[in-house]
Amino acid sequence: MSLADELLDLAVATAREAGRMLVDKRPADGPDVVQTKSSPTDVVTQMDRAAERLIIERIRAVRPGDGFLGEEGGTRAGGSGVRWVVDPIDGTVNYLYDLPDWAVSIAAEVDGEAVAGVVEIPRREETYTAVRGGGALQHTAAGTRELRVNAHVPLGRALVSTGFGYESGRRARQAEVLTGVLPNIRDIRRGGSCCVDLCSLAAGRADAYFERGVQAWDIAAGGLIVREAGGRVEGLHGAAPGPELTIAAGPGTFEALHDLLAPLDPARD
């Protein structure tokens with residue numbers, strides 16, 4: 001078994017345990033908000049912190065020399081060349097309101113490049129996995145299937161996912177950009193979780209995705225899954241995906257969406 005396969009097995013087992021804990025231990029009246037970040041609506045719950053602790057403890061028990069980058073816990077150095085990029089709940093507001101589109105996202109990087117990733121969506125009973133060079137898979141109770149993005153979808157028939165920031169000025173600017181996008185596509189979907197949106201893209205449930213403000217932990221696993229399903233994940237003009245802008249789509253559709261977005265200046269607040 002390759003190192004990437006070993007890392008994926010550990011990531012899957014850990015993500016599934018964290019997902020079960022988040023479902024089973026979610027308070028009946030909703031989790032407590034313990035912190036806000038960029039705005040009063042950008043929340044952290046006690047369950048975000050509990051899930052990240054669980055993930056780090058499980059992985060460190062097996063691989064004590066690895067590093068971590070977690071949404072809630074920051075950076076922890078390691079000397080092995082392996083770093084885990086963890087979002088314990090991507091879609092915390094969905095989790096807060098008991099909506100189904102939230103996920104546990106875990107990716108393993110070797111020397112700075114993602115080689116294995118899992119997105120666990122407990123409420124949908126779906127697990128998405130990828131190993132670099134090994135393709136992307138969806139696992140459900142019905143079985144496992146290989147994922148392929150939709151390719152060469154004309155922009156006018158493309159279903160495009162996006163998301164919005166929490167700060168009011170950024171949201172206003174994102175709404176302006178959207179007015180330039182909507183007349184040129186089939187429709188917009190806003191699910192509330194970046195990694196769930198990326199998995200939907202990989203599964204052919206959407207044709208493209210773009211968003212400003214996503215972080216490494218949002219896209220590490222989902223981005224690998226999209227790439228291994230045949231898609232592109234980049235920023236503007238060949239830049240790396242990240243907080244400035246992330247665009248994802250299949251061949252042909254990616255280029256069309258990029259060229260629609262570029263003159264709209266979507267990386268400006």
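This is a short walk through a predicted model, stop by stop, with something to select at each one.

Before you click, note that residues are numbered from 1 along each chain as its sequence is written, and that side-chain values use heavy atoms, with hydrogens and water left out. Because the model is predicted, local features need pLDDT of at least 70 and side-chain atom pairs count only at pLDDT 80 or more, while totals for chains, interfaces and linings use all residues.

**Stop 1: the annotated group**

Select Glu71, Asp87, Ile89 and Asp218, which carry the UniProt feature "binding site" from an unreviewed entry. They are spread over 148 residues of sequence, yet they cluster in space, with a largest C-alpha distance of 9.6 Å. UniProt positions follow the numbering used here, feature names are shortened, and annotations may be inferred rather than shown by experiment.

**Stop 2: Asp90**

Now add Asp90, where the unreviewed UniProt entry also has the feature "binding site". Asp90 sits in strand β5, residues 82–90. Strands (E, at least two residues) and helices (H or I, at least four) are DSSP runs, numbered from the N terminus.

Is Asp90 buried or exposed? Asp90 counts as buried because its relative accessible area is 6%; buried means under 20%, exposed over 50%, and partly exposed in between, using a 1.4 Å probe and protein chains only.

Show what surrounds Asp90: leaving aside neighbours within four places in sequence, its contacts include Asp101, Trp102, Ser193, Cys195 and Asp218. Contact here means heavy atoms within 4.5 Å. Then draw a distance from the side chain of Asp90 to the backbone nitrogen of Cys194, and you should get 3.1 Å.

**Stop 3: Ile89**

Step back to Ile89, also in strand β5. With a relative accessible area of 1%, Ile89 is buried. Beyond four places in sequence, Ile89 touches residues including Leu22, Thr45, Met47, Tyr95 and Glu71, the last of which belongs to the annotated group from the first stop.

**Stop 4: Asp218**

Jump to helix α6 (residues 216–228) and pick out Asp218. Its relative accessibility is 10%, so Asp218 is buried. Which residues does Asp218 touch, not counting those up to four places away in sequence? They are Asp87, Asp90, Cys194, Cys195 and Leu198. A polar atom of the Asp218 side chain also lies 2.7 Å from the backbone nitrogen of Gln215.

**Stop 5: Asp101**

From Asp90, hop across to its contact Asp101, in the loop between α3 (92–96) and β6 (103–110). Asp101 is buried, at 17% relative accessible area. Display side chains here, and you'll find a polar contact between Asp101 and Arg124 at 2.5 Å. A polar contact is a pair of N or O atoms within 3.5 Å; within protein, one must be able to donate a hydrogen and the other to accept it, and residues adjacent in sequence count only if both atoms are side-chain atoms. Gly91, Asn94 and Gly191 are among the other residues that Asp101 touches.

**Stop 6: two positive phi values**

Select Glu125, in the loop between β7 (113–121) and β8 (126–131). Its phi is near 55°, a positive value in a residue other than glycine. Glu125 is exposed, with 62% relative accessibility.

Finish at Asp265, in the segment after α7 (253–261). Asp265 is not a glycine either, but has a positive phi of about 55°. At a relative accessible area of 35%, Asp265 is partly exposed.
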